[in-house]
Amino acid sequence: MATPQSPATYGPTQYTYEELAEAAHRFSNNYRIGGGGFGEVYEGFLDGKIAAIKKLKILPDQPLKKGLEHEIRVASCVSHRNLVKLVGYCVDGANVLLVLEYFRNKSLKFNLHEKKNLDWPKRMKIAIGCARGLEYLHLYCTPRIIHQDIKPDNILLDDNFEPKVADFGLALFFPDNVSHISTSNIGGTVDYIDPKHSGQATDKLDVYSFGVVLLELISGRPPTQEGSHIVSWAKNQIIPVLKGKRTDLIDSKLQNFNGKEKKEMIRMVKCAACCVYKLSEIRPTIKEIAQALEDELHLNGVWDDNDYNFLQDNPKAELSQTTMMKLPNNNNKTTTTRNPTIETTRFSNPVGKTSFSGSFQAYKPKIFTHRELRKATEDFSNVKLVGEGEYGAVYVGQLENKTIVAIKKLKDLPNKQQKEEFEKKIKDISSLKHSNLVNPVGYCIENLNRFLVSEFVSPSNSLKYYLHGSETLDWPKRMNIALGSANGLKYLHKGKIIHGDIKSNNIILDNNFEPKVTNFGLIMHFPPGRTNDIYSYSKDYKNLSEKSDVYTFGVLLLELVTGRNVHEKGGNIINWVRIRIEKAMNGQVRDLVDSKLQIYDALQVQRMIYCAAACIYKSTKFHFVMIVKALEGDIPLKDIWNENDKKSLYS
């Protein structure tokens, strides 16, 4: 029962974890209505009415901020017509939940990208309202609040399509030295984070994110589509639109603009441009953006002729007037994961039934119910939360037979065809079993609830941790890791499963340093946002192939040989190796070998370098059957890489 409040007491209602878990339907994805860097939101029924219940992502060993309940009460006092009201909360150990106003019209993301029902007047109203809500947070709150996660998911719409900014102030609930379980140390969602940010949360970060939202309102396009980010995609279309041309930048669903709406479009395009293309130091404030959108501030106050420089590939903050690119005058005014402290048992009793066929195992997975997995994780308590990734949250759970497992609560997908393909993939993945895989145990598919259950291995035992941490992996271990990982990937490809996300933190090492490949077969269903990851063979994650796995495995081999991080100072690992590799191929490997390795087998190192080169640089097909044979020494070096292949290094 909620904590009673006296008539004289003001502030949010305090609830127990059990009350909110029951109200939120035990956090079933059937009732999930949103989520992001800070947590997941569920529709719930509480105190006789519908409410939005947000479950924050907090790891069990993550310290909570002192005075957390006070901070929540302070946040509940923030009141503005364009901000969502906080009406209740729960703080129970690592479980922190917030109760928020509920809006039937859902989010801007839903209305813009799924329902697709927003005409221009609604879009303009939403842009102005959001800007005013952010202005209030930045200027009129004490302490002032930087949102850190502005995106269409966090903009809710009331019955009159008046926007309500949600999830503000969540950064206040965490200690300053704690990064959130998200894609960045500053919180937020990668598609909306300024790629040139300094790592400090400032109001200019919110302005950049708001600019991305404006581009979405103008174009109707999601932030990343077909591997292209909206900020890059829109850049060459800004000037044509401002000159009166219709380009793809303007949503094709928006037709027949009147004179007033054309001027509004120009204002929004200029506001979006100054938010995302100007350097942070000279980016306008959100107050200036709000004033420009409402025509209270002349557009030259946020974007003038000198600013077209920022649409060039290498803009400079200060250039002389004569060198600036100008818009022709048309005489128109409208110009990490951590492991919870638990007692674990070795995974020795498979839950499903197994039959053996040669060196591989044909496996019949167990089909779990949502109720079983709820019970195993204590209603998905944050005490059991291991981490969060592109695919969803991972919990450690204990089944009825006392087996410790990892339970991956997978995110939902937008359309029926994707859901059907995904469910087939879950079943295919759950049938795999190999000594060099983190082996699935079973799965659950109940409406929108989809789970993968696998053997539990600590994510802190990743190859990345051992390779780039304080310990040193000797050469025999590295060779064994390369060969074992290749065998696991060969098995996946034999079963027509593309991994799609091979990298050192997706290789887990057991107690004997035997490698186990994890997180296979999922990335094509949950493609990441904008990324400069050197592991990325292709931006088109929906059409990954065996070749993409071979390429990324080659990057992994370079890490094993050199001990370098893929983006270490001095250049990314591929470019760094490129100018040194020919010498190593001729047997002089010392310059490429990890400086921490004093003893190693030079011939094995040379062979691994040959394999890495073939994986990364060769255009001819090089598959995992060949890779395994090459690493084992069953293929001559000249058949892995020869004189004719050298030109591939510079193509």
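Let's start with Lys 55, which sits in strand S4, a stretch covering residues 49–56. Keep in mind that this is a predicted model. With a relative accessible area of 6%, Lys 55 is buried, because anything under 20% counts that way. Leaving out residues up to four places away in sequence, Lys 55 has quite a list of contacts, including Tyr 17, Phe 38, Glu 40, Val 96, Phe 380 and Asn 382.

Now for a second lysine. UniProt, in an unreviewed entry, puts the feature "binding site" at Lys 55 and Lys 409. From this set, Lys 55 and Lys 409 are both part of the lining of the largest cavity. Lys 409 belongs to strand S16, residues 404–410. Its side chain makes a polar contact of 3.0 Å with the side chain of Tyr 42. Among the other residues that Lys 409 touches are Asn 29, Tyr 391, Gly 392, Arg 450 and Phe 451. Phe 27 and Tyr 395 turn up in the contacts of Lys 55 and also in those of Lys 409.

Gly 129 is another residue to look up. Which residues does Gly 129 touch, not counting those up to four places away in sequence? They are Asn 82 and Pro 163. The C-alpha atom of Gly 129 is also 7.7 Å from that of Lys 164, although the two residues are 35 residues apart along the chain.

Here is where each one sits and how accessible it is:

| Residue | Element | Relative accessibility |
|---|---|---|
| Lys 55 | strand S4 | 6%, buried |
| Lys 409 | strand S16 | 7%, buried |
| Gly 129 | helix H4 (residues 120–139) | 4%, buried |

Note on methods:
Residues are numbered from 1 along each chain as its sequence is written. This is a predicted model: local features need pLDDT of at least 70, side-chain atom pairs count only at pLDDT 80 or more; totals for chains, interfaces and linings use all residues. Side-chain values use heavy atoms; hydrogens and water are left out. Helices (H or I, at least four residues) and strands (E, at least two) are DSSP runs, numbered from the N terminus. Buried means under 20% relative accessible area, exposed over 50%, partly exposed in between (1.4 Å probe, protein chains only). Contact means heavy atoms within 4.5 Å. UniProt positions are given in the numbering used here, feature names are shortened, and annotations may be inferred rather than shown by experiment. On a 1 Å grid over the protein atoms alone, a cavity is a set of points where a 1.4 Å probe fits but cannot get out, and a pocket is an open set with protein on both sides within 12 Å along at least five of seven lines; lining residues have an atom within 4 Å of a point. A polar contact is a pair of N or O atoms within 3.5 Å; within protein, one must be able to donate a hydrogen and the other to accept it, and residues adjacent in sequence count only if both atoms are side-chain atoms.
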